[in-house]
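Welcome, and thanks for taking a look at this one with me. Please have the sequence and the coordinates open side by side as you read.

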Amino acid sequence: MIALTGVSRTYPGGVAALREVSLRIGHGELVAIAGPSGSGKSTMLNVIGTLDRPTTGSVHIDGHDVSALTDNQLSALRATTIGFVFQSFHLAPRVPALDNVADGLVYTGMSRSERRRRAAEALERVGLGHRMDHEPHELSGGERQRVAIARAVAGDPPLLLADEPTGALDSVSGAGVMELLRELNAAGTTIVIITHDREIADRLPRQVRMRDGEIVSDSAQEPVRLWKGGA
Ligand SMILES: Nc1ncnc2c1ncn2[C@@H]1O[C@H](COP(=O)(O)OP(=O)(O)O)[C@@H](O)[C@H]1O
Ligand SMILES: [Mg+2]
């Protein structure tokens, strides 16, 4: 699903946010990207999400070599393949949940009625069928993040990228959001979640840890520990 090979990203001014990062994530995985603030997590997610291009190295998403695509082709790839969830929800204010979700499907070319039908389905899926007419300010933080997740998955993208999705939530709402992401993964979506919450990272099947723009550990790369005890 994702292949980064020797990816570096240097920002104007000289900050090397990513240094020669290589990472492969397969279809159906649920992966935590962990690491301290400033370690390059968001930069890596933006590169994976094709929102940002690497300075050097190659990025393949769902079989596409990102460097070979034009900006229009990249927009199309994002619209069909990738859903995004952010810490601060990024919902349109004063817009009912149903429209917030439906508007995320504009770039898919679906008709308005199809977009609204899909949006209603996605809101049911995240447990907000009873809140479709509510505007963001009429929803709790956890409910707002569920609306954002509904918007991200309404088009059924195979890949979901979440940057600190529980960062603005209390622990109970955060746990609910994590449970929802697990359900989506169990139903087949590949999910990459950035978190600096160690407990959240440790509960996911795979942890990639970053520091100073580099991957310093990847639980998928660790040798299997063989049981060498008696009996
Ligand atoms: N747009 C930018 N311009 C310049 N430097 C940036 C920009 N975005 C991030 N950085 C720098 O790149 C490094 C990595 O940032 P980031 O990927 O946001 O880390 P994280 O998400 O792990 O906190 C930091 O040193 C940050 O200050
Ligand atoms: Mg970040």
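The report below goes from the whole chain to its sheets, its core, the ligand site and a few individual residues.

**The chain as a whole**

Please keep in mind that this is a predicted model. The chain holds seven helices and 10 strands. Its radius of gyration is 18 Å, close to the 17 Å that the globule rule gives for 231 residues, so the chain is as compact as a globular protein of that length. The C-alpha trace spans about 55 × 55 × 35 Å along its principal axes. Of the 231 residues, 39% count as buried. Among contacts with a separation of 6 or more, 68% are between residues 24 or more positions apart.

**The open sheet**

Let us turn to the strands. Four of them form an open sheet in the order β2-β1-β4-β5, with antiparallel pairing. β2 (16-25) and β5 (64-65) are at the edges with a single partner strand each, so one side of each is left without a neighbour in the sheet.

At one end of this order, β1 (residues 2-10) pairs with β2 over six bridges, and Val 7 has Val 21 in β2 as its bridge partner. These two strands form a hairpin with five residues between them. Gly 13, in the turn of that hairpin, has a positive phi of about 105 degrees. At the other end, β4 (residues 56-61) pairs with β5 over two bridges; here Ile 61 is matched with His 64 in β5 as its bridge partner.

**Strand β9 and its partners**

Strand β9 (residues 206-211) is joined to β3 (residues 30-34) by four bridges, and the two run parallel. β9 is also joined by four bridges to β10 (residues 214-218), this time in the antiparallel sense. Ala 34 stands opposite Arg 209 in β9, while Val 208 stands opposite Asp 218 in β10. β9 and β10 form a hairpin with two residues between them.

Arg 206 is a good residue to click on here, as it is found in β9. Arg 206 is 174 residues from Ala 32 in sequence, yet their C-alpha atoms are 6.2 Å apart in space. Leaving out residues up to four places away in sequence, Arg 206 touches Glu 29, Val 31, Ala 32, Ser 219 and Ala 220. Is Arg 206 buried or exposed? It counts as partly exposed, because it has 17 C-beta neighbours inside 10 Å, and a buried residue would need 20 or more.

**The nonpolar core**

The largest nonpolar core has 60 residues, and those that touch the most other members are Ala 32, Ile 33, Val 101, Leu 123, Ala 150, Leu 161 and Val 192. Helix α5 (residues 141-153) gives the most to this core, with six residues. Val 192 touches Ile 25, Val 31, Ile 33, Leu 45, Ile 48 and Leu 161, again not counting residues up to four places away in sequence.

**Around ligand 1**

Which residues surround ligand 1? They are Tyr 11, Gly 13, Val 15, Ala 17, Gly 35, Ser 37, Gly 38, Ser 39, Gly 40, Lys 41, Ser 42 and Thr 43. This shell divides into three nonpolar, eight polar and one charged residue. Helix α1 (residues 41-48) gives the most to the shell, with three residues. Gly 13 is in this shell as well as in the turn between β1 and β2.

**Positive phi values**

Most residues other than glycine have a negative phi. The table gathers three residues with positive values.

| Residue | Phi | Location |
|---|---|---|
| His 90 | about 55 degrees | loop between β6 (82-86) and α3 (97-103) |
| Asp 156 | near 55 degrees | loop between α5 and β7 (159-163) |
| Asp 212 | about 50 degrees | turn of the β9 and β10 hairpin |

How do the two loop residues fare for burial? His 90 is partly exposed, with 14 other C-beta atoms within 10 Å. Asp 156 also counts as partly exposed, with 14 C-beta neighbours inside 10 Å.

Methods: Residues numbered from 1 in each chain as written. Chains lettered and ligands numbered in written order. Predicted model: local features only at pLDDT ≥ 70, side-chain atom pairs only at ≥ 80, totals over all residues. Core = buried A, V, L, I, M, F, W, Y, C linked by C-beta atoms within 7 Å. Buried ≥ 20, exposed ≤ 12 C-beta atoms within 10 Å, placed from the backbone. Contact = placed C-beta atoms within 7 Å. Near = placed C-beta within 6 Å. Nonpolar A, V, L, I, M, F, W, Y, C, P; charged D, E, K, R; others polar. Rg over C-alpha atoms; globule rule 2.2 N^0.38 Å. Pairing = 2+ DSSP bridges.
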